[in-house]
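This report concerns a single predicted model. Please read it with the sequence and the coordinates at hand.

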Amino acid sequence: MALEIIGFDDDKKRISTQQLLQKIYAGLDKGETEFEILSSGHHDIGGPLWSEDKTPLKFTVKNPGQRVGCFGLSGTRIVVNGSAPADAGWLNSGAELVIKGDSGDTTAHCAAGGKIYVAGRVGTRSGSLMKHDPAFPAPQFWVLKNTGSFSFEFMGGGTAIICGVDCENYESVLGDRSCMGMVGGTIYVRGPVKNLPDDVWLLELDDADREFLSHGLPIFLDKIDRRQRLTELTDFGQWKKISAKTYEERRQRHSMRISMREFRLGKWIEGGIFGDVVSDDYNHVAGLVNIGADRLKIPHWQNKAFCAPCEAACPSSIPTQDRINLLRAGKYKEAIELVLHYSPFPGSVCGEVCPNPCMDACTRQYIDLPVSMQELGKLSLEAESPIPQPDSGKKVAIIGGGPGGLSAAWHLRLLGHGATVIEADKEVGGKLRQVIPTDRLPADSLNREIQRVKDIGVAIRTNTPVTRELFNKLQRDFDAVIIASGAHNPVVIPFPGHERLKKGLDFLKAVNNGENPPVGEKVVVIGAGNAGMDTCLGAYAMGAKQVTAIDIQRPAAFKKELDHFERLGGKIEWPVFTEKVDDKGLHTKDGRLIAADTVIISIGERPDLSYVPHEWLTERGMAKVDDCGQLTEAPGIFAIGDTVEPGLLTHAIGHGREAAEYIDEFLAGKPLQAKKKLLQISQECLSKELFRPHNRSRFNFTDATRETSRCISCGTCRDCGMCLEACPEGAIRREDCADGSFEYISDEHICIGCGICSGMCPCGIWGMEQIV
């Protein structure tokens, strides 16, 4: 008796395919050779299995899943009582598979042996990739009715018999596009056939074919219980045979095509079939590998055509890649002095207080960590000042001695113009000196760099507040004026109790001025931006025990500032909306009380421009300027920094340099045109995989000169010579220029436009121009 296996457990729940197959394996181990299986879509029933004593195996299956009989071996017989889904008989290697119903897609796919009998239809791509190993009997695939489309694709061997029963009204019993790529095997087909490819023959039967069918049809019909169909199926006048053409026969057909030369000389001619849509000289013939104008792509050495991500992100546009290239070339003095052409504060701002957006943009972060811009900035503390150009005789007044005003004065002096800074405070430096805690900005660094500004001849008048009268006098006495007085009027929200608030800017000025403003043990700071974090640190410095910063949105301060505050024990809460402030602390709109002895507000400042005509200002009280920073209502008057829009200290420094350059053109009588910055180089142009990542846990940034090996020099040639060595045609050469620079040149008479130079360049210098 056959071993009965059911695909359900005692609770009538379906078991997994693996569990069902394990039951079959257990039966085989006990010597069972016949199985009756009630399946529920279980896969892979029937193969590859065998008995130790080579006794034939028989499986009778109902409701199988995919791949019934797959990898079936010789000596295995599988009978499916009903239909089967996809992949039945897939890679059959010798088993007999009888399906007493329809079968799904890819039946007999890749079959290499055995026999498959189907009592109905089969789906798409059935019989595809059938094959025959001459060492074993060829596979046979018998189908009572018809196949789906794409049947017998790439068939290489074996025999298929499609009987076409009940298919009289079909256009083709083989579906659409059958036998594509067929190179071997034989297909016997009864009924209409259409859309066969040119690579096969559709032939009449010969005696051997009729003998094969006469022998095989009764066996097939008995297997599927359809013996009554024998008479109609042995009318061999309704049968055809499909056979693949031989290689020589296919080659003969393809040889009828004309050659490319024949096409060019006979068809591609003036007045020919393409003459009305294509213009050509009909004489020049481009080869498969070309030089000169026939190249599909042409390389261009685009040194400095794009700016590096760090330069694009820096508000002062400092080209760090140029500094590092100078260090790499051993030109230390030139490297540390280069930055002074962009900012007079490389040590105190770049090296200490700047949030370094350049590092956030640095390409090296995608390999290990960004290049240490802070340490590079500190290198320039000892740098000698550039020599100013000869005096022009022109004078410019700068209102405000903060970082923006001093930057403008510095660059004006370097351009040869007289620069006088008018400062209301007792010393220049602006918020660098007045607001930023000394633990963030050492006083010695700031003093040294301000002294460097003074030493190149910048005149400074301190304790000089600018009134309307003084402003008018400055207009008369100077050739141009820069408004750089910053924003020093704190913003206060008029909720109940606002008169109790301390203003953050005034508080920080008092702290830095040594006045030791009193605070309670519990302090709440309204505002969690960078200025708010400075206020929080100032509160701790003045003796506060607990400081809480609140904001109506996600804190805008930089992460390192937030982390430093929280390490001190500070708390940050958001979103928090203030209802009122009283002697108990700050009350929120959701009914909470945040207890506080002192509440400080630090949500920004506005500029005081009361010394200029009201019509020169925007509705928000900012200076109304054009794209060149010149006041739209007052030629020769320029405004920078927070008087135009709020920004970072380094924004003001960058604005100061730009204003100096525009004023230089203004004083020369040239029309002012807004300067366009270079586009940032795309990350896709950089070959980052050429750089070896360093162990992040072992970085030591104390020596900035060691960053020369890590900087990728995005957009600027580092003169590594990799393109020269990699070019397969030797088309690239390096040439020194008269000014001490260099360039790489691709010889168009040798270059084949392969693009290897572009792919190998670590800096993205070589660009490939696509020729249309």
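The sections below treat strand pairing, salt bridges, cysteines, backbone geometry and a surface patch in turn.

**Basis of the values**

This is a predicted model, in which local features need pLDDT of at least 70 and side-chain atom pairs count only at pLDDT 80 or more, while totals for chains, interfaces and linings use all residues. Residues are numbered from 1 along each chain as its sequence is written, and side-chain values use heavy atoms, with hydrogens and water left out.

**Strands and sheets**

Helices (H or I, at least four residues) and strands (E, at least two) are DSSP runs, numbered from the N terminus. Two strands are taken to pair if DSSP finds at least two bridges between them. Strands of a sheet pair through backbone hydrogen bonds, either parallel or antiparallel.

An open sheet of five strands has the order β18-β25-β19-β20-β21, with parallel pairing. Its edges are β18 (502–503) and β21 (571–573); each has a single partner strand, so one side of each is left without a neighbour in the sheet. Within this sheet, β19 (residues 522–526) and β20 (residues 546–550) are joined by five bridges in the parallel sense, and Ile526 has Ile550 in β20 as its bridge partner.

Antiparallel pairing is found around β11. Strand β9 (residues 184–190) runs antiparallel to β11 (residues 239–244), with five bridges between them; here Arg190 is partnered by Trp239 of β11. Strand β10 (residues 200–203) also pairs with β11 in the antiparallel sense, over four bridges, and Leu202 has Ile242 as its bridge partner.

**Salt bridges and a polar contact**

Side chains of opposite charge can pair when their charged atoms come close. A salt bridge is defined here as a side-chain nitrogen of Lys or Arg within 4 Å of a carboxyl oxygen of Asp or Glu. By this rule the model contains 39 salt bridges. Three of them are tabulated.

| Salt bridge | N to O distance |
|---|---|
| Arg190 and Glu232 | 3.7 Å |
| Arg710 and Asp368 | 2.7 Å |
| Lys378 and Glu375 | 3.6 Å |

For accessibility, buried means under 20% relative accessible area, exposed over 50%, and partly exposed in between (1.4 Å probe, protein chains only).

The pair Arg190 and Glu232 links distant parts of the chain, with Arg190 in strand β9 and Glu232 in helix α3 (residues 230–233), 42 residues apart. Arg190 is buried at 7% relative accessibility, whereas Glu232 is partly exposed at 29%. Both residues belong to a network of salt bridges that links Asp166, Arg190, Arg229 and Glu232. Arg190 thus recurs in two settings, as the bridge partner of Trp239 and as a member of this network.

Arg710 and Asp368 are both buried. Their salt bridge also links distant parts of the chain: Arg710 lies in the loop between α19 (649–667) and α20 (722–726), and Asp368 in the loop between α10 (357–361) and α11 (373–379), 342 residues apart.

Lys378 and Glu375 are separated by about one helical turn, because they are three residues apart in helix α11. Lys378 is partly exposed, at 30% relative accessible area.

His587, in strand β23 (residues 585–588), is buried at 16% relative accessible area. The side chains of His587 and Asp582 make a polar contact of 2.7 Å. A polar contact is a pair of N or O atoms within 3.5 Å; within protein, one must be able to donate a hydrogen and the other to accept it, and residues adjacent in sequence count only if both atoms are side-chain atoms.

**Cysteines**

How many disulfides does a search of the whole structure find? The search finds zero, a disulfide being a pair of cysteine sulfur atoms within 2.5 Å. For Cys350, the nearest cysteine sulfur is that of Cys354, 5.9 Å away. Cys350 is buried at 13% relative accessibility. For Cys754, the nearest is the sulfur of Cys727, at 6.0 Å. Cys754 is partly exposed, at 44% relative accessible area.

**Backbone geometry**

The peptide bond from Gly47 to Pro48 is cis, with omega near -10 degrees; Pro48 lies in the loop between β2 (34–38) and β3 (57–62). Another cis bond runs from Trp574 to Pro575, with omega near -5 degrees, and Pro575 is in the loop between β21 and β22 (578–582).

Asn463, which is not a glycine, has a positive phi of about 55 degrees. Asn463 is in the loop between β15 (459–461) and α15 (468–477) and is exposed at 51% relative accessibility.

**Surface patch**

Ile6, Phe8 and Leu38 make a nonpolar surface patch of about 210 Å². Patches are made of residues with over 30% relative accessible area and no salt bridge, like charges being joined within 9 Å and nonpolar side chains (Val, Leu, Ile, Met, Phe, Trp, Tyr) within 5 Å. Accessible areas come from the Shrake-Rupley method with a 1.4 Å probe; for residues, only the protein chains shown count as cover. Ile6 lies in strand β1 (residues 3–6) and is partly exposed at 34% relative accessible area.
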